[in-house]
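Good morning, colleagues. Please take a moment with the sequence and the structure before I begin.

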Amino acid sequence: MHQQIYINKDTINEIENYLSLAEPPGIILQGIPGLGKELAARYIAAKLLKCQESALEGNPDFHQTGKGKDSLKVEDIEQLLEASHRSSIGHIKVFTLLNAHTISKMSQNRLLKLLEDRASNNKLIIISEQDCLLETIKSRCYSIHFHPLKEEEMMKFLKGLNINRDCAGFVGFLTENAPYSITSHMNEIKDYLDFYQKMRQITLRGDLLQLFHVMKEKDENEFFKKHETYPVWNIRTLLYPFYQFLTDISGKDSEKRDPFPNTLYNKLQALKILEYGSEHLSMTQRSYTKNDYFNLIRYIIQIR
């Protein structure tokens, strides 16, 4: 795989293992956003079709469904199935399905038609952010779970983006070491970094209310409202100082450490905050509101 692609090395090895199979089945690429699943899918498709990645769009045997869509509908799957019935120009046809975690159970059952015949010349590459596909689909596919970059790889990647080491830990924690979440959201990353720098200088717990602009009912600068598209990042922004507090092995003198949270909390309180924050991260898989976020801030302020 290309050297400039930042994908976990263990994941790359799994991809190469799949491509070494004599008759590779369909494949599921699963993991959080930003880990390079779509880049890997293009690499796999080009290898299966024996063409250059740059030539995929002009290859009549390459079909991609879901590009630029937040969710897939039944019609998208039907169009894919219709294309699968056409004759191939080469030895196989490759279908890449993006955002598979948004497909209904009924549509997933329709997809089985592409997977049931192992002798078929149709190859399906499924990209999903969640483990939510039917067992009947998973049992017919080779599955690769995409892992975040390891710390050393992530630091190298962030250095290339001119993100200094003092802030690199925060960015890695914020994005769960998913490099392409950073490159596709650079403006947002800079905004979160600026906010993080301000949070480090808090000297009173109650200052969180003012910093996050949650004291007034309708504050146009309210942090959650301005960033409601990224609830996970909002939660992780609050949690990182406590994670750093618990894992800091730098040996800095207490006077040289950031006021927040080092002078305001003890280790046990930091641990409880991280545990409570983990519950909030789980809540984002269903729905997450500004009231939920306010409850997290209030818990951090009031913990004893």
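How many of the seven residues of strand β4, residues 122-128, are buried? What you see is a predicted model, and in it seven of the seven are buried, so β4 is largely enclosed by the rest of the structure. In general terms, the side chains of a regular strand alternate between the two faces of the sheet. In β4, Asn122, Leu124, Ile126 and Ser128 point one way, while Lys123, Ile125 and Ile127 point the other way. Residues of both groups are buried, Lys123 among them.

Let me turn to the neighbours of this strand. Strand β1, residues 26-30, runs parallel to β4 and is joined to it by four bridges; Ile27 stands opposite Ile125 of β4. Strand β3, residues 93-97, also pairs with β4 in the parallel sense, over five bridges, and here Phe95 stands opposite Leu124.

Which order do the five strands of the open sheet have? The order is β2-β3-β4-β1-β5, with parallel pairing. The edges are β2, residues 62-65, and β5, residues 141-145; each has a single partner strand, so one side of each is left without a neighbour in the sheet. On average, neighbouring strands are turned by 15° against each other, direction ignored. At the β2 edge, β2 and β3 pair in the parallel sense over four bridges, and Thr65 has Leu97 of β3 as its bridge partner.

Helices also meet this sheet. Helix α2, residues 37-49, packs on the sheet and touches β1, β2, β3 and β4, with its direction at about 170° to that of β4. Helix α3, residues 74-84, lies across β2, β3 and β4 and runs at about 170° to β3.

I now move to the aromatic residues. The count of aromatic pairs comes to 23. One of them joins Phe195 and Phe212 edge-to-face, with 4.7 Å centre to centre and 70° between the planes. Why does this pair tie together parts that are 17 residues apart in sequence? Phe195 lies in helix α9, residues 186-199, whereas Phe212 lies in the loop between α10, residues 207-211, and α11, residues 223-226, so the pair ties these parts together. Both Phe195 and Phe212 are buried.

Phe212 has a further edge-to-face pair with Tyr293, at 5.9 Å centre to centre and 65° between the planes. Because Phe212 lies in that loop and Tyr293 in helix α15, this pair ties together parts that are 81 residues apart in sequence. Tyr293 is buried, as is Phe212. Ring pairs link these residues into a cluster with Tyr192, Phe195, Phe223, Phe224, Tyr230, Trp233 and Tyr288.

Tyr293 brings us to helix α15 and its helical neighbour. How do the axes of α14, residues 267-283, and α15, residues 290-302, cross? They come within 10 Å and cross at roughly 175°, which means that α14 is roughly antiparallel to α15. From α14, the contact is made by Lys272, Ile273, Tyr276, Gly277, His280 and Met283. From α15, Asp292, Asn295, Leu296, Tyr299 and Ile300 take part. The residues of this contact divide into six nonpolar, three polar and two charged.

To close, I would return to strand β4, with seven of its seven residues buried, and to its parallel pairing with β1 and with β3. Thank you for your attention.

Methods
Residues numbered from 1 in each chain as written. Predicted model: local features only at pLDDT ≥ 70, side-chain atom pairs only at ≥ 80, totals over all residues. Heavy atoms only, no water. Axes fitted to C-alpha atoms, helices over the stretch in contact; angles between N-to-C directions. Helix = DSSP H or I, 4+ residues; strand = E, 2+ residues; numbered from the N terminus. Parallel < 35°, antiparallel > 145°, perpendicular 65-115°, else oblique. Contact = heavy atoms within 4.5 Å. Nonpolar A, V, L, I, M, F, W, Y, C, P; charged D, E, K, R; others polar. Buried < 20%, exposed > 50% of the residue type's maximum accessible area, 1.4 Å probe, protein only. Pairing = 2+ DSSP bridges. Phe/Tyr/Trp six-rings, centres within 6.5 Å; stacked < 30°, edge-to-face > 60°.
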